[in-house]
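New page in the notebook. I want to look up what sits inside this fold and which charged side chains pair up.

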Amino acid sequence: MRAFVDQDMCIGCGMCVGVEPDVFRMNDEDKAEGYADTTDATRETVAEAIDMCPVGAISESEE
């Protein structure tokens with residue numbers, strides 16, 4: 001599974017990066033992006049980041 005951040009919705013608050021920096025990072029446009037697959041070790045915190053996103057910009061897909 002891979003976390004996907006909708007770049008049109010993201011407001012760049014960085015909350016997801018703070019919650020799970022092994023999966024999320026800020027890009028050159030100061031928007032969050034998912035750059036690594038979700039693993040067993042990060043599954044819980046990725047779910048937390050999805051739930052906590054203030055604009056609902058994060059989803060998870062099987063890419």
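**Salt bridges, starting with Asp40**

I started on the outside: Asp40 is exposed, with a relative accessible area of 71%. I keep in mind that this is a predicted model.

Next I looked up the partner of Asp40. Its side chain meets that of Arg43 in a salt bridge, 3.3 Å from N to O. Arg43 comes out as partly exposed, at 36% relative accessible area.

How many salt bridges does the structure hold? I found three. A reminder to myself: side chains of opposite charge can pair when their charged atoms come close.

Another of them joins Arg25 and Glu33, with 2.6 Å between N and O. Arg25 is partly exposed at 39% relative accessible area, and Glu33 is partly exposed too, at 23%.

Then I checked Asp37, which forms a salt bridge with Arg2; the closest N and O atoms are 2.9 Å apart. Asp37 lies in the loop between strand 3 (32-34) and helix 2, while Arg2 is in strand 1, so this pair ties together parts that are 35 residues apart in sequence. For exposure, I noted 39% relative accessible area for Asp37, which is partly exposed. Arg2 also counts as partly exposed, at 25%.

**Thr38, in the loop**

Thr38 caught my eye, as it is found in the loop between strand 3 and helix 2. Is Thr38 buried or exposed? I get a relative accessible area of 6% for Thr38, and the cut-off for buried is under 20%, so Thr38 counts as buried.

What does the side chain of Thr38 join up with through a polar contact? I found Glu60, whose side chain is linked to that of Thr38 by a polar contact of 2.7 Å. Setting aside neighbours within four places in sequence, I listed the contacts of Thr38 as Met1, Arg2, Ala3, Arg43, Val46 and Glu60. Two names there were already in my notes: Arg2 from the bridge with Asp37, and Arg43 from the bridge with Asp40.

**The nonpolar core**

Last, I went inside. The largest nonpolar core has 13 residues, and Ala3, Val5, Cys16, Phe24 and Ile58 are those with the most contacts inside it. Strand 1 (2-5), helix 1 (15-19) and helix 2 (43-52) each supply at least two residues of this core.

I picked Cys16 for a closer look. Apart from its neighbours within four places in sequence, Cys16 is in contact with Phe24, Ala32, Ala49 and Ile58. Ala3 links back to my previous entry, since Ala3 is among the contacts of Thr38.

Methods: Residues numbered from 1 in each chain as written. Predicted model: local features only at pLDDT ≥ 70, side-chain atom pairs only at ≥ 80, totals over all residues. Heavy atoms only, no water. Core = buried A, V, L, I, M, F, W, Y, C linked by side-chain atoms within 4.5 Å. Buried < 20%, exposed > 50% of the residue type's maximum accessible area, 1.4 Å probe, protein only. Helix = DSSP H or I, 4+ residues; strand = E, 2+ residues; numbered from the N terminus. Contact = heavy atoms within 4.5 Å. Salt bridge = Lys/Arg side-chain N within 4 Å of Asp/Glu carboxyl O. Polar contact = N/O pair within 3.5 Å; in protein donor to acceptor, adjacent residues only side chain to side chain.
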